[in-house]
Amino acid sequence: MDEKKMTHNQTEETPASILPIIPTIDVVVFPHMVVPLLVLDEKIIKGVEQAMQGDKKVLLLAAQQSENYHGPIGVQDLFKIGTVSTIMRIMNLPDGGIKVLAQGVEKALVEEVISGQDLLQAKITETSTTTYDEKKAEYQLRNIQALIERISATGRLFSPDFQAILSQIQEPDRITDFILSHLDLSVQQAQALLEKDNLNNLLDGIYDVLSQEVESYNVQERIRNNTRDSINKSQREYYLREQMKAIQKELGEEGENENDDLREKVKTLPLTEEAKLEATRQLRRLEKTAPDSMEATVIRNHLELLLGLPWGVFTKDNTDIKTAKTILESNHFGLDEAKDRILDFLSIRFLNESSHTPILCLAGPPGVGKTSLGESIAKALGRKYFRISLGGVYDECEIRGHRRTYVGALPGRFIQAIKKSESSNPLIIIDEIDKLGMSNRGDPAAALLEVLDPEQNHSFYDNYLGVHFDLSKVMFIATANDLSTIPGPLRDRMEIIQLSGYAHEEKLEIAERHLIQRALKNCGLNNNAPEFNRNVLSKLITSYTREAGVRELGRYLQKLCAKYARALVESNEKIAFSENNIEHYLGPCKISQETFIHSNKIGVSNGLAWTPYGGELLQIEAVLMRGNGRLLLTGQLGDVMKESAQAAITYAKAHADLFTIDAKLFNEYDLHIHVPAGAVPKDGPSAGITLLSAILSALTGRAINGSYAMTGELNLQGNVLPIGGLKEKILAAKQFGLHHVIIPKQNARDLSTISQKLYEGINLVFVDNVEEVLNHVLMPQA
């Protein structure tokens, strides 16, 4: 079959002509389509009247508009391809407009829009559809008719008579026009089809539109089927559940109904009046709610929490003072102040069971046993124990709970602790209370005020629980490293017990009593235990650890036990540890013996400082150099410490004659004061006498006795004022091997709270004014 037989030419080309334009806003007119149009614009009406006087032909052009725009259209909004149509009938309207009935004849391409004062016309060329493949068109029409049958079967889009009429039409172009007239197309879709250049492409476009319609129907049908299946499943489950209830009733199996169990708990538990009313109200709501609904789950979870709390359940306190004391002493060495406070409470509870439960805060450096002491206290009292870590908590809801309206809402940590401990008077450790955060979700520290106030916590309100709960019988023990980060109102509600670091002798005792046994147990060496004599332990303490607590010491003992276990398993060899060979197993000493601390130098004095992690020794250095009387301060000093240095300089200038200092030194020389280590921030007033000693040593050329360490605030009259952290500072001096410590005389009263063993071997020098300090530390002129 040759090409001429395979193709068919639809129309002939015609020369360009000028026709009036009728814009169509929401419809695209195809050839052979009959459409009614409403015309209100005077220019368009005049064009229609002119056409009626001639060949009755007009050009119908669709306008492109956005979805939400309903205003007037302009020439630029009209598409370039439209349909030449014949006016079949005109009807005049009372308001001056006309109704036009037009039938499409042929597509046309607009070459130019002519917009005059009275008329809107277009210069057009009637486009002839190019040749098309008849055989391909036949196949395309078959595919389209198959889709039409599928769509008709669903009762959508096409009327029942559509296929009967379609079967009577033979010409492909007429079939195409008939199908187009029944499609529900948007203006953009219809215009795209109108602009197709031949019949084959037009049929492809129609097939795509119908395919989208079929796919849309399939998706909707799947959604309907899924919904129907879900409903059927719910109905089936409901039917089976009802059958199960009937069977259980016949068998006489009572108590299987969850609601009955909850109702029984409401009747029998010793709930408060408020809690009973709330539980009854929620139970009624639950009975009226569909069992499988989300709301029923929320109500049931709330009721289970409310009724799962230990209402009226209390453990009896152990009031045997001797037993409690034995437990505390066996588990912890030292920490006498905390132990005494617990024994005091037990004595009061023995005499008065309704006494207030103390709220304690154990403050001290890491590793001194704050958290483990809380556990021992719970064991000594015979109470349930629960630990809550608040480090990094920044959401108030962690304390007060979430409101039940939120998805995944939970009660606060304290209500959870009460439920898990199964007692209304447990001992709750609030760990790391000084590390609470704060954010736009509220301030947890402020929420803790209600929990830790004995006058308020008898009616603590949790947002999730929805009723008040009595926390007054709970014993709270908080732990903290740095009290300065705890807000004042919260600190005021707790009884602060300071736990200072351990002395060398105390660390030896703790290692022998507890740490060695723990390390042996962890390494499985109970039957093959290595020996650790005091010399080995002393070297570990002095050469490998420098800490207030004993946590690092425990790690090194664990490491030695691990080395012992490995040698035992590999070669059945038992290592004998000594102070000479532990470097072979632990590596070189981590802490060098700083002999320079004890040497006598000009401008270098030994000061003592307190930190949240224990006491520290600071060497303050002062150097004179030629200049113009400036004071240079380095070492990351805080404002208070800088002011202490200024006060020391002022005292030195005011008493220059007393120390035979040439006044020219203050004007012709600069004084540089440095406090190592430079990367560590330092602040506080207690370095006043240390700064003055270094300054006067540099100005007079007299060395400072290196065997002395000192601490004390200085005022301009030369008085030495009291300081804090005395125990930690004495421990630091002892740790560095300094045998003389100068402290303010007003701090002598603090020694009553410090064990005498702590400062054995140290000469404590009490001073009232700075002259006494200088008499001890400033050595004679060389």
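## What surrounds helix 19

Helix 18, helix 20 (551-571) and helix 21 (582-586) are among the elements that cover the buried residues of helix 19. This is a predicted model, and helix 19 comes out mostly covered in it, with eight of its eleven residues buried. The buried set runs Val-536, Leu-537, Ser-538, Lys-539, Leu-540, Ile-541, Ser-543 and Tyr-544.

## How helices 18 and 19 meet

Take helix 18 (residues 504-522) against helix 19 (residues 534-544): they pack at an angle of about 115°, and their axes sit 10 Å apart. The crossing of helix 18 past helix 19 is right-handed.

On the helix 18 side, the contact uses His-504, Lys-507, Leu-508, Glu-509, Ala-511, Glu-512 and Ile-516, while helix 19 brings Arg-534, Leu-537, Ser-538, Ile-541 and Thr-542. Sorted by class, that contact is a mix of five nonpolar, three polar and four charged residues. Leu-537, Ser-538 and Ile-541 from the helix 19 side also turn up in the list of buried residues.

## One face of helix 6

Over in helix 6 (residues 187-194), the buried residues are Ala-190, Gln-191, Leu-193 and Leu-194. Looking down the axis of helix 6, they fall within an arc of 160°, so they line one face of the helix.

## How far to trust it

The mean pLDDT of the protein is 82, and 92% of its residues reach 70 or more. Residues 1-15 are another matter: pLDDT stays under 50 there, although the model has 26 contacts beyond four places in sequence for this stretch. Where pLDDT is low, the predicted coordinates shouldn't be read in detail.

Key. Residues numbered from 1 in each chain as written. Predicted model: local features only at pLDDT ≥ 70, side-chain atom pairs only at ≥ 80, totals over all residues. Heavy atoms only, no water. Axes fitted to C-alpha atoms, helices over the stretch in contact; angles between N-to-C directions. Helix = DSSP H or I, 4+ residues; strand = E, 2+ residues; numbered from the N terminus. Left-handed = near helix turned anticlockwise from the far one by under 90°. Contact = heavy atoms within 4.5 Å. Nonpolar A, V, L, I, M, F, W, Y, C, P; charged D, E, K, R; others polar. pLDDT = per-residue confidence, 0-100. Buried < 20%, exposed > 50% of the residue type's maximum accessible area, 1.4 Å probe, protein only. Arc of directions from axis to C-beta.
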